[in-house]
Amino acid sequence: MKKMLNMAGIPKIAKVVTKVVEIFHWVGTALMAAATVCALVNPAWVKYFVSFEAKECCGAELEIYSFSIRAAVENGKVDMTAFVLFGIGATLILALMAAIFHELSAMISSAGEGTPFSEANAKRLYKVGFYSIFVPVVGMVMSVISRLVLGAEAAEISNGLDGLVVGLVVLCMTQFFCHGIKLENDVEGLV
């Protein structure tokens, strides 16, 4: 029989990592929302929140996860309409990712409280799947809107299907969790 790996410290590490990543995403959400508002109110303030490489010849590539917009650059300044559209999409995507890591952190935190097959964890897993599906959906919708507003050159409509696939797998796992809860309830008190 092979010796099992000592995995006792993994939940603690995972809990810390998921919480740190969640916080970074919430901070990114707030900064992106502030930068988007600044782009509307006073575009000169945007430089305090975001730095990007802007070239007259090829524009500025604004990208987060699988959502991207190529913003036109004139006189060294990025087109603020493109930036606002990107900011809206980026804020939503960052908030969804923060919510995913929040749910994962909560699931890991509850691991020491007995069985993982709880209704709370099934709901958390469902939310992770749902949010994962919506990340590429938000990117796709914002790409289409950006393309309509800015023109075909500005926004490429191509999204990775990673979030969609992961979301569907997690939703399937949610069903397994629900089945595990039912089995656990059925055998409770039999031993």
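Helices, here runs of at least four residues, and strands, runs of at least two, are DSSP assignments numbered from the N terminus. In this predicted model, the secondary structure comes to 4 helices and 4 strands. Followed along the sequence, these elements are arranged in the pattern α-β-β-β-β-α-α-α.

A few overall values help to set the scene. The protein has 191 residues, of which 36% count as buried. Its exposed surface is about 11900 Å², and carbon and sulfur atoms supply 68% of that area. When contacts between residues at least 6 apart in sequence are considered, 67% of them join residues at least 24 apart.

The interior is a good place to look next. The largest nonpolar core contains 38 residues, and those with the most contacts inside it are Met32, Ile64, Phe67, Phe83, Phe86 and Ile93. At least two residues of this core come from each of helix 1 (10–41), strand 1 (60–64), strand 2 (67–71), helix 2 (80–109), helix 3 (119–150) and helix 4 (162–187). Helix 2 is the element that gives the most, with 15 residues. Phe86 offers a closer view of the packing: leaving aside residues up to four places away in sequence, Phe86 touches Met32, Leu62, Glu63, Ile64, Phe67 and Ile69.

Two of the helices can be compared with their expected spans. Helix 3, with 32 residues, reaches 45 Å from its first C-alpha to its last, close to the 46 Å expected at 1.5 Å a residue. Just after helix 3, Gly151 takes a positive phi of about 110°. For helix 4, the 26 residues should span 38 Å at 1.5 Å a residue, and the end C-alpha atoms are 37 Å apart, which agrees.

Helix 4 also shows which of its positions are covered. Its buried residues are Gly163, Gly167, Val170, Thr174, Phe177, Gly180 and Ile181. An α-helix has 3.6 residues a turn, so residues three or four places apart point the same way. The cover over the buried residues of helix 4 includes helix 2 and helix 3.

The cysteines round off the picture. Cys172 has a relative accessibility of 43%, so this residue counts as partly exposed, a class that lies between 20% and 50%. Cys178, at 36% relative accessibility, is likewise counted as partly exposed. A search of the whole structure for disulfides finds 0.

Methods: Residues numbered from 1 in each chain as written. Predicted model: local features only at pLDDT ≥ 70, side-chain atom pairs only at ≥ 80, totals over all residues. Heavy atoms only, no water. Core = buried A, V, L, I, M, F, W, Y, C linked by side-chain atoms within 4.5 Å. Buried < 20%, exposed > 50% of the residue type's maximum accessible area, 1.4 Å probe, protein only. Contact = heavy atoms within 4.5 Å. Expected span 1.5 Å × (residues − 1). Areas by Shrake-Rupley, 256 points an atom, 1.4 Å probe, with all protein chains shown as cover. Disulfide = S-S within 2.5 Å.
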